[in-house]
Amino acid sequence: MPGPMARRIDVTGAGGVRLAAWEFGDPPKTDRTQGATAAASGAQDLPGVLLLHGLMGRASHWAPTARWLSARHRAVALDQRGHGRSDKPPHGAYTREAYVGDVEAALEQLGLGPAVLIGHAMGALTAWQLAAKRPDLVRGLIICDMRASALGAASQHTWTEWFRAWPVPFATLADVRKWFGEDDPWVERPNPARGEFYAEVMAESPDGWRPVFEPEQMLRSRETWVYDAHWEELTQVRCPALVVRGLDGELGRAEAQEMVRVLPRGQYAEVADAGHLVHYDQPDAWRAAIEPFLDGLRDT
């Protein structure tokens, strides 16, 4: 869960889906001469940043990033539809258009735009698709470990089988951490950060610990992008954009550098000793990779 420095704000996404956004930072300081309104407007005057988690993630995964960002930005993380504390409509749309529409609505309702969008995996794809569609809402873009190429049917089949392999319900959170950090066949070597990442998306139910999302909805979300390549939308991103990859992540160096070349104003960074969960695996190195880019945006 987000810590005490996060304030929940509900927004209405595409098709009326209720979304939970979390604004990070210390509560506004007020004095008798200023009043609360002036203090609140001070936070509104900071440049906006919207953080978008990946598939199966949640806003709280961004907490360490959002807290240091909040010193100089208005930092908000969104629980996307089907995730976290946002609605999970059983028969709702889990299309690219729906995810992009949600972020567009959130930026407008929160008064964040033009904002920097920071996205991990699926959240990064949503971010660059919105940047292509609504350049007026996006002034900078950080793409973390998301491929632009089509992944194909075999990838979707692998994910379907992986979800079936989960030993749910888990008896304890320690079991969650151990399975995702060590026992999961996808784990090549012990990865405690991965175990913690998945522990954050579990909730206690009468029979044990289960994910806060529906795996079937995750597969529906994923099938709307894995069969297509997304290079064309990258060419339409007009704002400065930084492509970040973990050295052991899912985005290879050659593809990342091609993405940078295709982006009209692309830049590149990589984080050593990090896998797919770059911002979660190596928070200090992640900050070192993206802070110069953010500082450069402030100077423009």
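Where is Pro169 found? Pro169 sits in the loop that runs between helix H5 (153–165) and helix H6 (173–183). The legends below describe this loop and other close-ups of a predicted model.

**Figure 1. Overview of the predicted model.** The protein has twelve helices and ten strands. Its radius of gyration is 19 Å, close to the 19 Å that the globule rule gives for 300 residues, so the protein is as compact as a globular protein of that length. Taken along the principal axes, the box filled by the C-alpha atoms is roughly 60 × 45 × 40 Å. Of the 300 residues, 54% count as buried. The accessible surface comes to about 13,000 Å², and carbon and sulfur atoms account for 51% of that surface. Among contacts between residues at least 6 apart in sequence, 71% join residues at least 24 apart.

**Figure 2. The hairpin of strands S1 and S2.** Strand S1 covers residues 6–12 and strand S2 covers residues 18–24. The two strands pair in the antiparallel sense, over seven bridges. Within this pairing, Val11 stands opposite Leu19 in S2. Five residues lie between S1 and S2 in the hairpin. Gly15, in the turn, has a positive phi of about 70°.

**Figure 3. The salt bridge between Glu23 and Arg74.** The side chains of Glu23 and Arg74 meet at 2.9 Å, N to O. This pair links distant parts of the chain, with Glu23 in strand S2 and Arg74 in strand S4 (residues 74–78). The two residues are 51 residues apart. Are Glu23 and Arg74 buried or exposed? Both Glu23 and Arg74 are buried. The structure as a whole holds 23 salt bridges.

**Figure 4. A salt bridge within helix H8.** The side chains of Arg220 and Glu216 meet in a salt bridge of 3.6 Å, N to O. Arg220 and Glu216 are four residues apart in helix H8 (residues 215–223), so about one helical turn separates them. Arg220 has a relative accessibility of 22% and therefore counts as partly exposed. Glu216 is also partly exposed, with a relative accessible area of 47%.

**Figure 5. A salt bridge within helix H10, and a network of salt bridges.** Arg261 and Glu258 meet through their side chains in a salt bridge of 2.7 Å, N to O. The two residues are three apart in helix H10 (residues 253–262), so their separation is about one helical turn. Arg261 is exposed, with a relative accessible area of 59%. Glu258, at 29% relative accessible area, is partly exposed. In a further view, salt bridges that share partners join Glu104, Glu108, Lys133, Arg134 and Asp136 into one network.

**Figure 6. Two cis peptide bonds, each leading into a proline.** Most peptide bonds are trans. The bond from Gly113 to Pro114 is cis, with omega near -5°. Pro114 is found in the loop between helix H3 (96–110) and strand S5 (115–120). The bond from Val168 to Pro169 is also cis, with omega near 0°. As noted at the start, Pro169 belongs to the loop between H5 and H6.

**Figure 7. Ala121, a residue with positive phi.** Most residues other than glycine have a negative phi. Phi of Ala121 is near 55°, a positive value in a residue other than glycine. Ala121 is found in the loop between S5 and helix H4 (122–133). Its relative accessible area is 8%, so Ala121 is buried.

**Figure 8. Asp145, in the loop between strand S6 and helix H5.** Strand S6 spans residues 138–144, and Asp145 lies in the loop between this strand and H5. What is the value of phi at Asp145? Phi of Asp145 is near 50°, which is positive, in a residue other than glycine. Asp145 has a relative accessible area of 2% and is therefore buried.

Technical notes:
Residues numbered from 1 in each chain as written. Predicted model: local features only at pLDDT ≥ 70, side-chain atom pairs only at ≥ 80, totals over all residues. Heavy atoms only, no water. Pairing = 2+ DSSP bridges. Salt bridge = Lys/Arg side-chain N within 4 Å of Asp/Glu carboxyl O. Buried < 20%, exposed > 50% of the residue type's maximum accessible area, 1.4 Å probe, protein only. Rg over C-alpha atoms; globule rule 2.2 N^0.38 Å. Contact = heavy atoms within 4.5 Å. Areas by Shrake-Rupley, 256 points an atom, 1.4 Å probe, with all protein chains shown as cover.
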